[in-house]
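Dear colleague,

I am handing over the structure we spoke about, so that you can look through it at your own pace. Please find it just below, with my notes after it.

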Amino acid sequence: MLSGNERTILEFLQNRLLTTVNEISTHLNRLDQPSNGASAASIKKLMDFGYVQALQSMGNCYVITQRGLRAL
């Protein structure tokens with residue numbers, strides 16, 4: 001099951017579709033969910049589930065996949 005940070009990241013990606021780690025960290029901090037290293041671990045877990053995919057050609061951006069949309 002998804003943790004609070006992971007679900008928040010997926011919901012953020014659902015609205016934005018494309019984002020960077022810095023934007024995710026800023027969003028988590030605004031919601032009073034400290035992101036010191038947790039966001040990177042959460043993104044890694046979401047990538048392992050196939051919910052998020054990295055786009056290296058765009059400069060370290062992340063997108064939500066169809067599988068991630070269905071998980072919400």
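What follows is a summary of what was found, going from the overall fold to the strands.

Please keep in mind throughout that this is a predicted model. The protein chain has four helices and three strands, and these elements come in the order α-β-α-α-β-β-α when one reads along the sequence.

As to overall dimensions, the C-alpha trace spans about 30 × 30 × 20 Å along its principal axes. The radius of gyration of the protein chain is 11 Å, which agrees with the value near 11 Å that a compact globule of 72 residues would have. Of the 72 residues, 35% count as buried, and among contacts with a separation of 6 or more, 49% are made by residues 24 or more positions apart.

Turning to the strands, strand 3, which covers residues 61-64, pairs in the antiparallel sense with strand 1 (residues 18-20) over three bridges, and Thr20 stands opposite Cys61 there. Strand 3 also pairs in the antiparallel sense with strand 2 (residues 52-55), over four bridges, with Ala54 standing opposite Tyr62. Both faces of strand 3 are covered, since Cys61 and Val63 on one side and Tyr62 and Ile64 on the other are all buried.

Finally, on the surface, the protein chain exposes about 4,400 Å², of which carbon and sulfur atoms supply 50%, while the mean positions of its 7 positive and 5 negative charges lie 7 Å apart.

With best regards

Terms used. Residues numbered from 1 in each chain as written. Predicted model: local features only at pLDDT ≥ 70, side-chain atom pairs only at ≥ 80, totals over all residues. Heavy atoms only, no water. Helix = DSSP H or I, 4+ residues; strand = E, 2+ residues; numbered from the N terminus. Rg over C-alpha atoms; globule rule 2.2 N^0.38 Å. Buried < 20%, exposed > 50% of the residue type's maximum accessible area, 1.4 Å probe, protein only. Contact = heavy atoms within 4.5 Å. Areas by Shrake-Rupley, 256 points an atom, 1.4 Å probe, with all protein chains shown as cover. Lys, Arg positive; Asp, Glu negative; His and termini not counted. Charge placed at Lys NZ, Arg CZ, Asp CG, Glu CD. Pairing = 2+ DSSP bridges.
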